[in-house]
Structures are given as structure tokens and as C-alpha cells.
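Reader: I have a structure to look at and do not know how to read it. Could you take me through it feature by feature?

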Amino acid sequence: MQITSEIEKRRTFGIISHPDAGKTTLTEKLLLFGGAIQSAGAVKSNKIKMHARSDWMEIEKQRGISVATSVMGFDYDGIKINLLDTPGHQDFAEDTYRTLTAVDSVIMVIDCVKGVEIQTEKLMEVCRMRNTPVICFINKLDREGRDPYELLDEIEEKLSIKVRPLSWPIGMGKGFKGVYSLFDSSLRLFKPSKSKLEEGLHITDLSDSRIDEAVGERDAEQLREDVELIEGVYPEFSVDDYLKGEVAPVFFGSAVNNFGVKELLDCFIRFAPKPRPRETDVRLIEPSEKDFSGFIFKIHANMDPNHRNRIAFVRVCSGKFERGQNYYHVRTDKKIRFSSATMFMAQDKEMVDEAWPGDIVGLYDTGNLKIGDTISQGEKGVFKGIPSFSPEIFKEVINKDAMKTKQLEKGLNQLMEEGVAQLFTYEIGSRKVVGTVGVLQFEVIQYRLKHEYGASCDFVSMNLYKACWIHSKDQKKLKEFVNSKYRHIARDKDGKLVFMAESKSWLTMVQDNFPEIEFHFTSEF
Ligand code: GDP
């Protein structure tokens with residue numbers, strides 16, 4: 001069956017890191033291996049640069065780059081790899097969280113000088129929610145970094161995941177000599193190089209004197225000790241535990257020098273999961289099912305304000321997607337025909353006629369689609385696991401132009417559907433509150449409302465800690481709670497009940513007083 005072989009050869013993943021750890025650099029090296037680009041420097045960072053804050057056209061341009069590099073497809077060793085890009089800037093973290101719902105595994109880049117950083121921790125939390133398999137790449141070994149054992153301990157502690165080194169560095173910084181692969185017992189000597197790859201030294205026995213010749217007696221001895229220690233301390237690498245998201249294999253290298261990257265990639269295609277079954281609210285969907293199904297995890301507005309075209313990114317979950325077909329849009333209970341689907345290859349978009357599980361398809365949309373929507377061949381189940389996360393910054397929307405109320409409402413709704421931010425509407429007074437992860441979004445919203453919808457608004461800061469989605473098995477208790485806290489109750493975009501907590505301590509108190517009520521920081525639980 002064609003579908004089985006198509007699934008077998010697909011790997012869909014994302015690279016995550018704290019900004020500056022080397023995500024863009026690693027992406028570029030992977031694309032070089034895949035032959036998707038020919039030279040270094042071809043991949044543009046999707047970082048929204050803060051110095052460009054006031055220059056909105058510049059930000060729009062940068063957003064354009066991020067759409068072009070949203071999904072990069074390339075082939076390596078007979079495997080079709082889809083690499084989903086995630087915004088590095090933390091103000092766009094929610095976009096990253098959602099992208100992680102569409103991947104089957106991740107590679108996490110950690111800077112060996114800085115270790116585990118705050119954004120790494122947050123991203124790992126999202127991976128843990130879905131038991132996403134994680135491979136760690138400890139980067140920048142050409143710099144004087146922290147002790148490798150210390151780094152491994154820090155990963156285990158701060159990211160709450162067990163680690164298993166599959167490669168080991170010999171020296172570091174100026175004394176960095178190379179990496180020994182515990183995985184296939186080969187030694188690769190470090191030579192700074194932008195793209196060329198040196199052949200490794202294949203060793204079957206660590207006592208081989210060629211190691212001493214290559215790295216010097218002292219380092220060779222150290223390596224033997226290290227390897228013995230690692231093999232003694234860490235249990236044997238279990239692919240199953242990795243696939244369950246319980247153990248992260250760890251690689252060391254230097255992305256900018258293209259060192260240690262091939263080992264990572266070779267291991268990745270061997271172990272990383274192929275497209276996995278996915279849960280809807282009705283049943284588990286196997287990728288090999290005949291009927292097409294998929295969900296939307298990202299929507300990107302077109303940059304031409306005269307055309308309110310958007311691109312919706314669909315992750316194919318099962319069956320074969322075919323261009324020009326009528327598909328069923330579950331939320332609106334309607335058939336939609338997608339005549340211009342695109343797929344993303346490296347930096348070009350190209351028209352596609354068909355796509356398979358694990359692929360990402362870009363659909364042109366004029367405002368029908370929303371993040372989280374399911375598209376199928378008639379089946380009504382909705383894919384789970386595309387939650388909203390509680391924002392961290394809240395501001396009330398004040399309409400500045402009463403003549404443009406309709407435009408403001410429409411603009412806000414559409415921007416929220418794209419996932420730029422979240423809108424909460426208070427039960428009393430219908431006050432509208434926009435919640436975001438970073439401050440930058442408020443400026444983006446104001447700018448886009450004005451330029452795309454002709455509406456203007458002010459934002460007034462609100463002193464809120466978190467939005468908590470509330471739930472109770474006891475409907476009467478839930479009603480009582482809502483009545484007693486009615487001034488703090490709002491609805492999210494889907495009409496779900498949300499408790500707007502003003503402070504952490506207050507929330508704890510309320511939780512103590514209402515033990516029958518569940519408080520969740522994500523919309524899906
Ligand atoms: P991102 O923010 O995670 O995408 O990080 P980038 O890939 O843009 O890298 C941030 C900086 O680290 C850039 O100046 C890179 O050249 C540099 N960098 C990346 N990999 C390495 C490495 O292996 N060694 C050193 N010394 N610098 C690196």
C-alpha cells in the first residue's frame with residue numbers, strides 16, 4: 001500500500017531552544033545535509049528583532065520571512081523530513097506551543113555555556129503535556145562551556161526528563177578535540193568547518209592506540225574513563241522510553257562548525273517517530289486510514305491589506321490529501337473546496353496535488369478557518385490537543401472610534417482566530433480583555449486593526465495573574481461558584497467559562513474555598 005510506505009518515510013519535527021542557543025544555525029546545517037539549500041547563510045532567522053519595534057513595515061517583512069520558513073521539507077537518506085519552524089522570540093511563544101501540537105518529536109538545542117534557560121523550560125512543559133519525544137543537542141562546544149556531567153544533571157533536574165548521552169565530547173572550548181559516538185563507537189575529530197564533513201575514525205575497541213594518536217594520551221585516557229562512567233551510570237538507551245517521552249538521548253556538537261550534526265541527524269532518522277495516531281473527541285485516528293483528516297495549527301495573515309487572504313497550516317493526520325477535493329469542515333458542518341493548496345519545500349512554496357500523513361499543507365483561506373479546526377472526509381470527530389494557554393499579560397480594549405465599532409469587532413475576532421492573542425469577554429458589562437504572552441502583540445494588534453480593518457483602540461493594563469478555565473463535575477457547584485464570583489468570570493473565544501485570577505495568592509485562596517472546582521491554565525484538560 002502506498003500510504004504505508006509514505007508514512008514509514010516521514011518524520012515531522014520541530015527544533016526548540018531558548019533564543020540564541022543555535023536553532024537557526026542547526027536548521028541551516030540540517031537543510032544543507034538534505035540538499036535543500038546549497039550554501040550557509042541561506043536560512044534567515046525568524047527572530048523579530050526588538051530594535052525594529054517602531055518600524056512596522058520591518059516587522060511585517062520579518063513576519064513574511066517567518067511564513068516562508070514556517071515549514072521546511074527535505075529528503076535525507078530516503079526519509080522525507082518536515083521541519084516546522086518555531087518563532088524564537090518569547091513574545092510569540094504561544095505560536096510555538098501550537099506548532100508543537102503538529103510535530104511528532106522535537107530536537108532541543110541547549111547552549112553549553114548557558115545551560116538550560118527559561119524558555120527551554122517552558123517549551124519542555126509543553127512537550128511533556130503531550131509526551132513528545134525529545135532529543136537534546138548541546139551546542140557551542142567550541143566555546144568554554146560548563147562541565148558536560150553538570151549539564152546533563154541540569155537537564156534532568158530542570159526539565160524533569162531522564163537523559164542518555166549518545167555522544168561524548170573530548171575537551172571543550174580551545175581544547176575541543178572531537179566527539180566520540182557512544183552509539184556507533186566512532187570518533188570524529190573536530191576541525192572547524194562551515195560545510196565540509198570529515199570522515200570519522202571507526203573504532204571497535206576503546207583501547208585502540210589510534211585514539212591516543214588522534215587526541216593525545218591524556219584526553220584519550222579521560223575519554224576511556226568517561227565512557228566507562230557513562231556506561232556504568234546510565235542505563236542502556238531504550239528507544240521505547242525515548243518514544244514515550246521519558247528519556248532524551250543527548251548529543252554534543254557545534255552547529256556553526258557543522259560538527260556533531262550528522263550524528264544527530266543519522267540517529268534522528270533512525271529513532272524519531274513516524275507520524276503517530278491522533279486522538280479526536282470521538283476516537284483514535286490511525287495515519288494509515290484511507291480517509292483524509294487533519295487539523296489547523298497555525299494561521300498566517302497575508303501581508304497584502306487589500307486582500308484579506310490568509311494561509312491556514314494543516315497537519316495531515318490520516319489518509320491522502322488531494323488538491324481540488326471537497327473536504328468537510330467539522331466546526332461549521334460544511335464542505336469546503338481547497339483548490340490552491342501549497343506545500344513548503346525549504347524556502348519555496350510550491351503547489352501540491354497530494355500530501356500524506358505528517359505533511360503540512362498551506363491552504364488559502366478567506367476567513368472560514370480557525371486554529372484548532374478539523375478537516376476530514378466526512379468524519380465529525382475533532383482533533384484534541386490544540387489548547388489555548390493562559391496568557392500572562394492582560395489589557396482591556398477601549399474602542400477609540402464609536403463609528404468603527406463593527407470593524408473593531410470583526411478585526412479583533414479575526415486576529416484572535418489567527419492566534420495573535422486571546423480575547424476574553426467578561427460576563428458583566430461585556431468588557432473585552434486581550435491576553436498575550438508578550439507585550440509585542442499589543443502593538444501588532446493595534447497596527448493591524450488600523451491598517452487592515454480601519455479600527456482603532458487603546459489598551460488599558462489590567463492587573464491579572466492568569467486566566468483559568470474552570471470546570472466541575474458538579475454543575476450545581478459550578479453555578480454557585482460563577483454566581484459568587486460573577487465579577488471575575490469571563491468567556492473565551494469558544495464560550496468556555498474562565499475565571500480571571502488577580503493574583504497567585506488570591507487564586508490559591510479561592511481554590512481552597514472551592515475544592516469542587518477545577519482550575520486549569522490551558523483550555524483543554
Ligand atoms: P537561535 O536564536 O537559537 O536561532 O540562534 P542562532 O542560530 O541565530 O545562533 C545564535 C548565535 O550563536 C549566532 O551568532 C551563531 O553564529 C552562534 N552559534 C551557533 N552555533 C554555534 C556554535 O556551535 N559555536 C559558536 N561559538 N557559536 C554558535
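Author: We will take the domains, then a sheet, then the ligand. Keep in mind that this is a predicted model.

Reader: Which domains does the assignment give for the protein chain?

Author: A domain is given by its bounds along the chain. Here the assignment gives domain 1 (2–271), domain 2 (278–376) and domain 3 (393–520).

Reader: How many residues do domain 2 and domain 3 bring to their contact?

Author: Domain 2 supplies eight residues and domain 3 supplies six residues. The centres of the two domains, taken over C-alpha atoms, are 28 Å apart. On the side of domain 2 that touches domain 3, four residues are nonpolar, one is polar and three are charged.

Reader: What is the strand order in the open sheet?

Author: A sheet is read strand by strand, from one side to the other. This one has eight strands, paired antiparallel, in the order β27-β24-β26-β25-β29-β30-β28-β31. Because β27 (457–461) and β31 (518–520) each have a single partner strand, they stand at the edges, with one side left without a neighbour in the sheet. From one strand to the next, the twist averages 40°.

Reader: How many bridges join β24 and β27?

Author: Five bridges join β24 (residues 393–399) to β27, in the antiparallel sense. As one position to look up, Ile-398 is opposite Asp-458 in β27.

Reader: Which residues are closest to the ligand?

Author: Of the 19 residues that surround the ligand, the closest are Lys-23, Thr-24, Thr-25, Ser-254 and Val-256. Helix α2 (residues 23–33) gives the largest share of this shell, three residues. By type, the shell has four nonpolar, nine polar and six charged residues.

Note on methods: Residues are numbered from 1 along each chain as its sequence is written. This is a predicted model: local features need pLDDT of at least 70, side-chain atom pairs count only at pLDDT 80 or more; totals for chains, interfaces and linings use all residues. Two strands pair if DSSP finds at least two bridges between them. Helices (H or I, at least four residues) and strands (E, at least two) are DSSP runs, numbered from the N terminus. Axes are lines fitted to C-alpha atoms, for helices over the stretch in contact, and angles run from 0 to 180 degrees between N-to-C directions. Domain bounds come from an automatic or database domain assignment. Two residues are in contact if their C-beta atoms, placed from the backbone, lie within 7 Å. Ala, Val, Leu, Ile, Met, Phe, Trp, Tyr, Cys and Pro count as nonpolar, Asp, Glu, Lys and Arg as charged, and the others, Gly among them, as polar. A residue is near a molecule or strand if its C-beta atom, placed from the backbone, lies within 6 Å of it.
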